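Visitor: I have just started learning to read protein structures. Could you walk me through one, step by step?

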Amino acid sequence: MNKILIITHTADNFSIEKVTEYIGKNNCEVIRFDVDVYPLHNKLSTVFQDGEWISILETPDAKHRLDDISAIWYRRAYNIGKGLKEEMDNKFYGAAMGEIRNTLFGFFESVDAYSLGKPSVYRRLDSKEEQLKIADKIGLTIPDTCLTNNPDEARKFILKHQNVVAKMQTGFAIYEDGVENVVFTNVVSEDKLEELDSLLYCPMQFQRMIQKKKELRITIVGRDVYAFEIDSQQSEDAKIDWRKDGINLLDKWTRTELPGDVEEKLLELLDVYNVDYGAIDMIVSPEDEYYFIEINAAGEFFWLDNLTEGNLISKSIADVLCDKAPRRSNEVMA
């Protein structure tokens with residue numbers, strides 16, 4: 001029986017269970033590695049001797065060989081080393097965490113099996129600039145964009161385009177009194193130009209604001225394309241960034257079809273990155289122009305999965321992992 005290793009954490013959502021269920025229906029076995037209980041409760045060992053590499057994962061419940069897995073799903077790596085800080089002298093904590101991360105990510109990268117996601121792939125896809133350049137090169141339409149820490153360049157861009165939004169390139173959040181405040185996409189008006197001097201300390205991404213007829217979230221798994229749309233302009237809070245009212249919009253998304261050329265170019269985008277999963281954000285203008293905004297290497301999909309009959313996105317993920325559907329080859333020695 002083929003073994004599928006799922007990298008996640010104990011607080012992940014029910015999508016793990018759905019994918020696991022479909023993997024079981026494909027007659028494959030799931031080994032779950034929750035990174036937040038490593039290293040205090042999970043033990044990972046890789047040994048080379050007598051001409052053979054052997055990797056072992058020991059959890060509180062079982063002991064697993066990992067050197068013979070057939071595929072790995074690098075889903076999430078949140079809260080690595082949870083609880084460790086309370087167990088050791090603080091002067092050793094930073095160095096220990098460096099070793100822990102290096103060991104984990106080194107293992108994930110080196111597994112010589114098909115991988116749906118890798119730390120290095122996630123890091124590459126963190127580059128919004130590369131995304132936009134590739135999207136433009138393959139013929140997708142992108143908004144006029146300025147990435148800068150130069151206040152003067154930002155002011156010139158804003159004055160030229162008038163309607164401009166500012167956004168961070170990462171999951172940027174400000175923590176104050178223990179409360180997380182996520183920085184969403186916001187409109188930059190001309191009366192805020194003087195405030196741009198702070199760009200010297202932290203660059204931002206500015207884009208010409210695209211009027212929205214609808215917003216799209218497109219989840220691609222292998223060659224399967226699941227496109228959903230929403231009229232975000234019906235919600236005052238969601239007009240600029242639908243995530244601001246995301247909870248109230250969860251069941252408002254509807255399945256849609258993409259123009260053939262747009263779908264073809266999005267699949268080409270995944271070909272360029274050689275990945276089999278991507279959560280893509282697009283905007284459709286009142287003139288029915290399709291604007292590529294970004295691709296998320298590990299973007300969430302559970303709420304859209306629930307809007308399909310039988311959780312089809314989870315099924316597609318399981319089929320790709322179990323080699324029951326077309327996938328892009330990415331083994332270490334492929």
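Visitor: Let me start with one residue: which residue in E2 is the bridge partner of Thr8?

Guide: Good place to begin, and please keep in mind that this is a predicted model. E1 and E2 pair in the parallel sense, over six bridges. In E2, the bridge partner of Thr8 is Asp34.

Visitor: And on the E6 side, which residue is the bridge partner of Leu5?

Guide: E1 also runs parallel to E6, and four bridges join these two strands. Within E6, the partner of Leu5 is Ile72.

Visitor: How many of the six residues of E1 are buried?

Guide: Look at where the side chains go: Lys3, Leu5 and Ile7 point one way from E1, while Ile4, Ile6 and Thr8 point the other way. Residues on both sides are buried. E1 is therefore largely enclosed by the rest of the structure, and its buried count is six of the six.

Visitor: What kind of unit do E1, H1 and E2 make?

Guide: Follow the chain from E1 through helix H1, residues 15-25, and on to E2. The two strands pair in the parallel sense. Together with the helix they make a right-handed β-α-β unit.

Visitor: Turning to H2, how far apart are its end C-alpha atoms?

Guide: We can work out what to expect. Helix H2 covers residues 90-110, which is 21 residues, and at 1.5 Å a residue it should span 30 Å. The model agrees with that, because the end C-alpha atoms are apart by 31 Å.

Visitor: Which residue caps the N-terminal end of H2?

Guide: Look for a side-chain oxygen by the backbone nitrogen of Lys91. The two atoms lie 3.0 Å apart, and the oxygen belongs to the capping residue, Asp89.

Visitor: Which residues of H2 are buried?

Guide: A general rule helps here: an α-helix has 3.6 residues a turn, so residues three or four places apart point the same way. What covers the buried residues of H2 includes strands E1, E2, E3, E4 and E6, as well as helix H3. The buried residues themselves are Ala96, Met97, Ile100, Leu104, Phe107 and Phe108.

Visitor: Is Arg75 buried or exposed?

Guide: Arg75 lies in the loop between E6 and H2. Leaving aside its neighbours within four places in sequence, Arg75 is in contact with several residues, including Ile7, Asp12, Tyr122 and Phe301. Its relative accessible area is 3%, and a residue counts as buried under 20%, so Arg75 is buried.

Visitor: Which side chains make polar contacts with the side chain of Arg75?

Guide: There are contacts to look for at 3.4 Å and at 3.1 Å. The 3.4 Å contact is with the side chain of Ser15. The 3.1 Å contact is with the side chain of Glu300.

Visitor: Asp50 and Asn311 both catch my eye; which of them is exposed and which is buried?

Guide: Each has a positive phi although it is not a glycine: about 55 degrees for Asp50 and about 50 degrees for Asn311. Asp50 is found in the loop between E3 and E4, and Asn311 in the loop between H8 and H9. With a relative accessible area of 80%, Asp50 is exposed. Asn311, at 11%, is buried.

Visitor: Which residues does the cis peptide bond with omega of about 10 degrees join?

Guide: Go to the loop between E2 and E3, where you will find Pro39. The cis bond joins this proline to Tyr38, so to speak, as the pair Tyr38 and Pro39.

Visitor: Which are the edge strands of the sheet E16-E15-E14-E17-E18?

Guide: Five strands form this open sheet, and the pairing is antiparallel. Inside it, seven bridges join E14 to E15, and Val221 stands opposite Asp224 in E15. An edge strand pairs on one side only, and that description fits E16 and E18.

Visitor: Finally, what percentage of the residues in the protein chain is buried?

Guide: Let us step back to the whole chain, which has nine helices and 18 strands. Among contacts between residues at least 6 apart in sequence, 69% join residues at least 24 apart. Of the 334 residues, the buried share is 48%.

Definitions and conventions. Residues numbered from 1 in each chain as written. Predicted model: local features only at pLDDT ≥ 70, side-chain atom pairs only at ≥ 80, totals over all residues. Heavy atoms only, no water. Expected span 1.5 Å × (residues − 1). Buried < 20%, exposed > 50% of the residue type's maximum accessible area, 1.4 Å probe, protein only. Contact = heavy atoms within 4.5 Å. Polar contact = N/O pair within 3.5 Å; in protein donor to acceptor, adjacent residues only side chain to side chain. Pairing = 2+ DSSP bridges. Right-handed = clockwise from strand over helix to strand, strands pointing away.
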